[in-house]
Amino acid sequence: MWTIQNLKQRGNAVFHKSYWRSVLAALVLSIAGGTAGGMTRTVTYHYTTEYPGSIHFYGDFGNAMEQFGNNVHGVISGFGPLLPIISLFAAITIWSFIAMRIAIDIFLLAPLEAGSQRFFVVNHYTDGNAKVPEILYPFSHSYMNVVKTMLLRAVYIFLWSCLFIVPGIIKGYSYRLVPYIIAENPEMQTKEAFRLSMEMMYGHKWHTFLLDLSFIGWEILNLFTFGILDLFYVTPYRFSTNTELYVTLKENYLGAQD
């Protein structure tokens, strides 16, 4: 059975062997996969599983749009007959922006999330010698399959979260390894990626939850550095440790199949 201390030691060691490249990859991954996947942020609003403390874009965006709509209504209410046309134009503009943002999440941020996970996996197997272009790997290897798999992951987590928070969290941990699996095997069928993730995480969800909790101390300390510690140490350290978890569970699973 793996231990939290061992994973963190290994993750920290690999991270320091490629410090600046890992910081860059972690930054991209934080932007692309801030809430259990780039599109999970789009679909689940405030729901967070894998990366606590992330920016919830759509929750704040919704509030801002509501306030913006109220202000606009007050300004244009005096336009009389032109009000329907102006309202229609405003609605089209707002929904076009939302559609563009969703498209960015689906077709850009999701592959970037998978590519960033691939960087950390390759970094493990090359003992800290992964190259930054690994982040872009999904864009040239079964791109649409990667997009589809990441999208379905977000949708599934959202649907399970509709059954209250706990089932959503549990399924979030069950599907946790999907980005790693599809990053290593971009041509793999979506069903197979989900099956492998669930089987590899079987019996390990609670310990993985404790692994996530073990970083709380770092997050509290990060508050006193205004995010600098998180950017240059905690985030790449955490992602590198999560990769060690994936590699360990994969090797255990493959060993059990032999």
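**Exercise 1.** Leaving aside its neighbours within four places in sequence, which residues is I181 in contact with?

*Solution.* The model is predicted. Set aside the sequence neighbours within four places; the contacts of I181 are then M188, A193, L196, S197, M200 and Y246.

**Exercise 2.** Place I181 in the largest nonpolar core, and name the elements that build this core.

*Solution.* Start with the members. The largest nonpolar core holds 31 residues. I181 is among those that touch the most other members, along with L177, M200, Y246 and L249. Next, take the elements. Two or more residues each come from α1, α5 (83-125), α6 (143-161), α8 (178-184), α9 (190-201) and α12 (228-257). The top contributor is α12, with nine residues. Finally, look beyond this core. Another core, of 13 residues, lies apart from it; A32, A130, I135 and F239 are among its members.

**Exercise 3.** Check the length of helix α1 (residues 4-17), then find where its buried residues lie around the axis.

*Solution.* Count 14 residues at 1.5 Å a residue; the span should be 20 Å. The end C-alpha atoms of α1 are 20 Å apart, so the two values agree. Now list the buried residues of α1: L7, K8, G11, V14 and F15. Seen down the axis, they fall within an arc of 135°, so they line one face of the helix. Recall the helical repeat: with 3.6 residues a turn, residues three or four places apart in an α-helix point the same way.

**Exercise 4.** Repeat the length check for α2 (residues 19-32), and list its buried residues.

*Solution.* Helix α2 has 14 residues, which should span 20 Å at 1.5 Å a residue. Its end C-alpha atoms are 20 Å apart, in agreement. Buried in α2 are S22, V23, A25, A26, V28, L29 and A32. Of these, A32 is also one of the residues in the 13-residue core.

Technical notes. Residues are numbered from 1 along each chain as its sequence is written. This is a predicted model: local features need pLDDT of at least 70, side-chain atom pairs count only at pLDDT 80 or more; totals for chains, interfaces and linings use all residues. Side-chain values use heavy atoms; hydrogens and water are left out. Helices (H or I, at least four residues) and strands (E, at least two) are DSSP runs, numbered from the N terminus. The expected span of a helix is 1.5 Å times one less than its number of residues. Buried means under 20% relative accessible area, exposed over 50%, partly exposed in between (1.4 Å probe, protein chains only). The arc is that of the directions from the helix axis to the C-beta atoms. A nonpolar core is a set of buried Ala, Val, Leu, Ile, Met, Phe, Trp, Tyr and Cys residues joined through side-chain atoms within 4.5 Å. Contact means heavy atoms within 4.5 Å.
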